[in-house]
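Here are some short exercises for getting to know a new structure. Try each task yourself, then walk through the solution.

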Amino acid sequence: MRSRAACALSLALGSCLVASGIAWRDASGSGALTLAELMTRMASTSGVAAQFREVKELKLLVAPLVTRGTLYFVPPDRLARFTSEPGFSALVIDGSVLRYHDDPQGEAIDLSQSPMARAFVENFIVLFNGDREGLERVYRADLRSGEEGWELRLTPRHAPLDRLIEVITMRGDESGMREMVVQDSDGDRTTTTFVAVDANRAFDPEEIDRLFSSGLPLRDDGP
Amino acid sequence: MNRLVAASWIVVTVALLAFCAAKLRISTNITHFMPDSSRSELGAVAGRLADSPFSRTMVLSVGADALPTAIAAAGELAGALREHPEVAWVRSSVDDTQLERAFELYYPRRLGFLSDEPESEVPKILAEPALRESAREARRRLSSPAATVFESLVVSDPFGAFQRIVERLRGNEPALRIERGQFVTRDGRFAIVLLGTKGSAFDSARQGQLLLDLRESFDGIAGRLGGGLFLEQSGANRFAVAAETDMRSEVYVIAACSFLGVAALFFTFVGSLRGFLVVSVPPLAGILVATSASLALFGQIDGLTMMFGTSLMGIAIDYSNHLLLHHGLDTSGETGARTARRLRPSLVLGALTTVASFAGLAMTAFPAFREMSFFAGVGVATALLVTLTLLPDLLGFVPPLPARAANAAAGLARTFGSLDRMPRALAMTPLAVGLLAIAALPGLRWQDDMSQLTRFDPELVAEVERVRERVSQPDSGRFVIGLGSDGSAAVALNDRIHERLRGVIEAGGLEGTRSLHTLLWSEDLQRRNLAAVRADAGLYERVDAVFAQEGFRSGSFLPFREALLESSAPLTLDDLQSSPLADLLVPFVFPLGEQVAVVTYLRGSRSPDAIRAAIADLPGVFLLNQRTFVNDVYREFRETTLRQILVGGAFVLGLLFLRYRAWRPVVASFLPSALVAVLVLATLSLAGAPVNLLHVMSLIMVMGMGVDYGIFLVDSANRREDFGPTLLSLLMSCLTTAFVFGTLAFSTQPALHAIGVTAGLGIVLCYLFAPVVVVAMGLLARRDRGGG
């Protein structure tokens, strides 16, 4: 049960992973971006803050669900994702620790010992360390780029991820990544678009403590 | 003594020594100081709780400069402890296996765990407003990162029956959270490991080794990881091992001090090492035989019994000393055997009255007191036997007594003989004691708090308290315990306890509880829940309609319709106990003798009376306070025990009547000890010292010796030349006893201190009162004869 929950959490975090790397640009300006370049720049980012809008199209619901929130990335291995609409939730990765809670005053659930969560955190670290080989052990990566932008498709190679996710598609242009689509195996689809991206965000110790120790978004973001 | 007899004595002695050396196990089991199960249900519960999984749990708290270091060390320590042969289980986290298994066990049975009152509450849960709220909550959860999991569950569990179970389970966790897969305290300062031991917490040998190994493992880990690591521990076994260590060292010190004090006294009046060694033979034989017999009968000896036994030397040496002095001060050239024959009636009666005074203890409900009574009886009887059979032959090895012994005997005879010139003062003595008793005894304070009998290192107590506070909620010392004939009955009883306590919570008498009820309900309650859900014939259609109105696709909830038709057997205690969740049950349900106990821990109990009233009519259910329930047991048994002590006194009086068949010698023998008992209690009352059962036990021993003094003096009153030696013999007895119990009074253990002070004061008073009463009775006899 817990593994399954962690698996679901990891899918949601997938968007965080890539979104936190949206601030790079193709250095050559040619548009012929390579996966290696993408990975290198992910690893070299100084810090990211971005707002997102997530649209979930679930076969269970007649109309899509819309979620809004903010995410933060502090290199090399800290990431926090908070939602503000329709309700509060927080997912925090701090090194090897992964915590989730949906009540600002509530107790966070530590998922670090879940094999699935551990695998996910390891993937996260691999990605931000620029470990292309590591990433390709988990996903089949297919990067295409052209004048109108680029598209990266990540297809899970192994269980249990491949049973849950069909493909993750990220799209962006010279200004960075704009959209990510997670297509679930059961037909559900989650589309995340990123706005108000600060690719050079510097976090002071108090902000880092609030985000990663207290598990709360920065004060100007709510909840 | 011929060689064959001597060889036989030596062989028996060596055999007994070998037996004791091989078998000697000192126990500090608190259950020995609790009434046995045949006398009281509460006593049985208390006794069994003291040696149940309840007391076999240890809490280890690992601190460090940084929490990650503490977590790493705790993880390594938990791993090492899992391999230890004395460790039954270790919990340092809630692992994935437990969660997966919990899902498998509970999810198919979720509809059986909806409500404690299914007939009234389930219809409300299934009513349209509640279903609409469930639909809205489901939408909210679908927008969370865990939506994928929730989406697969909501279609078969639309109103969150499983979520209710999860929330209950989460609420039952102790005051801990999980960090990096490790229990840590809420404040995030300490990593916590819980473990259960296989053996009793009071098996100090096994527990001592475990604690030693535990410390060694941790020191190794701390040495490797550094980072200011430190370990603190809580567990009943820590107190047991500390008590055993303290007692063992004190036994040696007390025995050595007694020996030296008694030896000094003998050098003064007997004047030779040989004399001392010879008179030491009977009491040493008494201790050896009593230890062997106790080991053979009980398998082990309680620590306090052993200490009491070492003190026995002070009583048993009186017989050999009496014989030695009478033989040594005899001027007619009497042989040792003849002196022994002459003194035999006094010695036998003295020993019998001593044994009789302990016989009352044998009838109390406390195994430890029965053990002490047995030890004293066997020890005194053996010492008497050796005094009468072996000692006369050994007296030939003793050099003549020094002149100061004869002078002292003559001086004592003169001093106490002069009492008959003060008849008024003699008559006033019992009267004065009586008046003092009337004034002081009503103020006597009884202390039933038996936790005060053992004193521990304050640092150990503080450490244990600190660790307990880290893992416990406030007021964790109070709990309700219920006893069922089997697991199923215990779970059903637990439902009823939960129901009653919920009423107290609603009335404000209690803040909350933690119990088995969060993990398991009775089969009957599960069936009633399921029946209440199935009784709603149009439930599926209504769920589908309400959820559709809230944006869900119609027809999505077919798995729920199937779940309504499925029939899973109710979850049972056996199911849980054979699953990876078994560890979670340990604090809440365990075998207790022939029964199964269920424990409910109380939080914020503002009204114990209301709790007691709520459970009053539930059979086999008790409200207990972990800190004071033993005291309740003692309070319940105090009167019974006192009655048994009076029975002992009646035995003594009966023996005296059998021997003397006249009231004056009986009064002369018995009254001094009775006066001493009254005077000691009055003194304790006037000093404001609370009295407990150990004070009373000490008085029994003193009274036994006091009666001996009376008997020896009464028997020697008819032979003028015996009066001086008897007074000297009793003075030595008094001083040796004062030496022995004087050392007990310096013990750090309050129980032994109480015995020492009471017996020390009592025996000196016995020595003073015995001649006074004998002389008074002599005067009375002369007056009666003169009058007649």
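Helices (H or I, at least four residues) and strands (E, at least two) are DSSP runs, numbered from the N terminus. The model is predicted, so local features need pLDDT of at least 70, side-chain atom pairs count only at pLDDT 80 or more, and totals for chains, interfaces and linings use all residues. Residues are numbered from 1 along each chain as its sequence is written, while chains are lettered from A and ligands numbered from 1 in the order in which they are written.

**Exercise 1. Describe each chain in outline.**

Step one: count elements. Chain B has 30 helices and 13 strands, and chain A has 6 helices and 11 strands.

Step two: look at burial. A residue is buried if 20 or more other C-beta atoms lie within 10 Å of its own, exposed if 12 or fewer, and partly exposed in between, with C-beta atoms placed from the backbone. Of the 788 residues in chain B, 49% are buried; for the 223 residues of chain A, the share is 44%.

Step three: check the contacts. Two residues are in contact if their C-beta atoms, placed from the backbone, lie within 7 Å. Taking contacts with a separation of 6 or more, residues 24 or more positions apart supply 82% in chain B and 52% in chain A.

**Exercise 2. Work out how helix 6 and helix 21 of chain B meet.**

Two packed helices are described by the angle between their axes and the distance between the axes. Axes are lines fitted to C-alpha atoms, for helices over the stretch in contact, and angles run from 0 to 180 degrees between N-to-C directions.

Step one: helix 6 (residues 128-142) and helix 21 (residues 539-549) of chain B have axes that come within 9 Å and cross at roughly 55 degrees.

Step two: name the angle. Under 35 degrees is roughly parallel, over 145 roughly antiparallel, 65 to 115 roughly perpendicular and the rest oblique. Helix 6 and helix 21 of chain B are therefore oblique to each other.

Step three: list who touches. Glu128(B), Leu131(B), Arg132(B) and Ala135(B) come from helix 6, and Arg542(B), Val543(B), Val546(B) and Phe547(B) from helix 21.

Step four: sort them. Ala, Val, Leu, Ile, Met, Phe, Trp, Tyr, Cys and Pro count as nonpolar, Asp, Glu, Lys and Arg as charged, and the others, Gly among them, as polar. That gives 5 nonpolar, no polar and 3 charged residues.

**Exercise 3. Do the same for helix 19 and helix 25 of chain B.**

Step one: the axes of helix 19 (residues 487-506) and helix 25 (residues 608-615) of chain B come within 9 Å, crossing at roughly 145 degrees.

Step two: on the helix 19 side sit Ile497(B), Arg500(B), Leu501(B), Gly503(B) and Val504(B), which meet Ala610(B), Ile611(B), Ala614(B) and Ile615(B) of helix 25. By class, there are 7 nonpolar, 1 polar and 1 charged.

**Exercise 4. Track down some unusual backbone spots.**

Most residues other than glycine have a negative phi, and most peptide bonds are trans.

Step one: Ala196(A), in strand 11 (residues 189-198) of chain A, has a positive phi near 45 degrees. Ala196(A) is exposed, with 9 other C-beta atoms within 10 Å.

Step two: Arg661(B) has a positive phi of about 55 degrees and is in the loop between helix 26 (629-660) and helix 27 (663-686) of chain B.

Step three: the peptide bond from Glu85(A) to Pro86(A) is cis, with omega near 0 degrees. Pro86(A) lies in the loop between strand 3 (78-85) and strand 4 (89-94) of chain A.
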